[in-house]
Amino acid sequence: MSGTTTILRVDSSITGENSVSRQITGRIVEQQRAGRPDATVIERDLVAQPLPHLTLDQFADGSVLDEFLAADTVVIGAPMYNFTLPSQLKAWIDRLAVNGRTFRYTAEGKPEGLAGPKRVIIALSRGGYYGTEQGNADFEHLESYLKAFFGFIGIEPEFVRADGINLGPEVKAKSVEQALREVDLLAA
């Protein structure tokens, strides 16, 4: 890759310094910059500077989309709130699905993603475990939504997961430690 690399960090957790997803996105950005110290990092805090929910007037402003498209790597902090993503993150995502820019429909009516190739790394934090073994996989609408959305626009996202963070301090610490180890294994 020639030129300066741009890393876009997007955080959406409302818990500030106590945020697990913010802790992980911070480590991901550090890890990604380790191999590219000249990288430009753009930080978008969707809690400190929330985007209004999408309206036609808001949709006409393409600055969020331009920022996303200009980034080489996008690091997203996505905590699970009520089985899905925070509304702050949804307001940001709503500005990314633009026909003709990030996707298009073929003559057969099938969607084709136009936003790739781009690296998207998503730091998930969830209070419980949402697998078939726990019997509550049907409640998981965070990772499944983000995987489907980014796939729709032509990107296969990577996930770093911290699960069970509301199951006690020991479980939380172990989960965060495991997630940070996963970050250290990501290629820059």
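Modeller: Let's start with a definition: rings of Phe, Tyr and Trp (its six-membered ring) pair if their centres lie within 6.5 Å, and the pair is stacked with planes under 30 degrees apart, edge-to-face over 60, and tilted for the rest. Phe68, Trp92, Tyr145, Phe149 and Phe150 form one aromatic cluster. The model is predicted, so to speak of local features we need pLDDT of at least 70, and side-chain atom pairs count only at pLDDT 80 or more, while totals for chains, interfaces and linings use all residues. Residues are numbered from 1 along each chain as its sequence is written, and side-chain values use heavy atoms, leaving out hydrogens and water.

Biologist: Happy with that! How many aromatic pairs does the structure hold, and what makes Phe103 and Tyr105 edge-to-face?

Modeller: There are eight aromatic pairs. The ring centres of Phe103 and Tyr105 are 5.5 Å apart with planes at 80 degrees, so this pair is edge-to-face.

Biologist: And why is the pair of Tyr145 and Phe149 called stacked?

Modeller: Their planes are 15 degrees apart, with 6.5 Å from centre to centre. Both residues lie in helix H5 (residues 143-152), four places apart, which separates them by about one helical turn. Helices here are DSSP runs of H or I with at least four residues, and strands are runs of E with at least two, numbered from the N terminus.

Biologist: How do you know whether Phe149 is buried or exposed?

Modeller: Buried means under 20% relative accessible area, exposed over 50%, and partly exposed in between, with a 1.4 Å probe and protein chains only. Phe149 has 10%, so it counts as buried. Tyr145, at 27%, is partly exposed.

Biologist: What makes you say that a charge sits over the ring of Phe68?

Modeller: The test asks for NZ of Lys or CZ of Arg within 6 Å of the ring centre and within 35 degrees of the ring normal. The charged end of Lys118 passes, at 5.3 Å from the centre of the Phe68 ring.

Biologist: Turning to H6, how do you know that its span agrees with what it should be?

Modeller: The expected span is 1.5 Å times one less than the number of residues. For the 17 residues of H6 (residues 169-185) that gives 24 Å, and the end C-alpha atoms are 25 Å apart, so the two agree.

Biologist: Why do you say that the buried residues of H6 line one face?

Modeller: Those residues are Ser175, Val176, Ala179, Leu180 and Val183. Down the axis they fall within an arc of 135 degrees, so they line one face of the helix; the arc is taken from the directions from the axis to the C-beta atoms. On the other side of H6, Glu170, Lys174 and Leu185 are exposed. The buried residues pack against helix H1 (20-34) and strand E7 (158-163), where contact means heavy atoms within 4.5 Å.

Biologist: What makes a set of residues a nonpolar core?

Modeller: The members are buried Ala, Val, Leu, Ile, Met, Phe, Trp, Tyr and Cys residues, joined through side-chain atoms within 4.5 Å. The largest has 30 residues, and Phe68, Ile76, Leu89, Trp92, Ile122, Leu146 and Phe150 touch the most other members. Helix H4 gives this core its largest share, four residues.

Biologist: One last puzzle: what is notable about phi of Asn82?

Modeller: Asn82 has a positive phi of about 50 degrees although it is not a glycine. Asn82 counts as exposed, because its relative accessibility is 73%.
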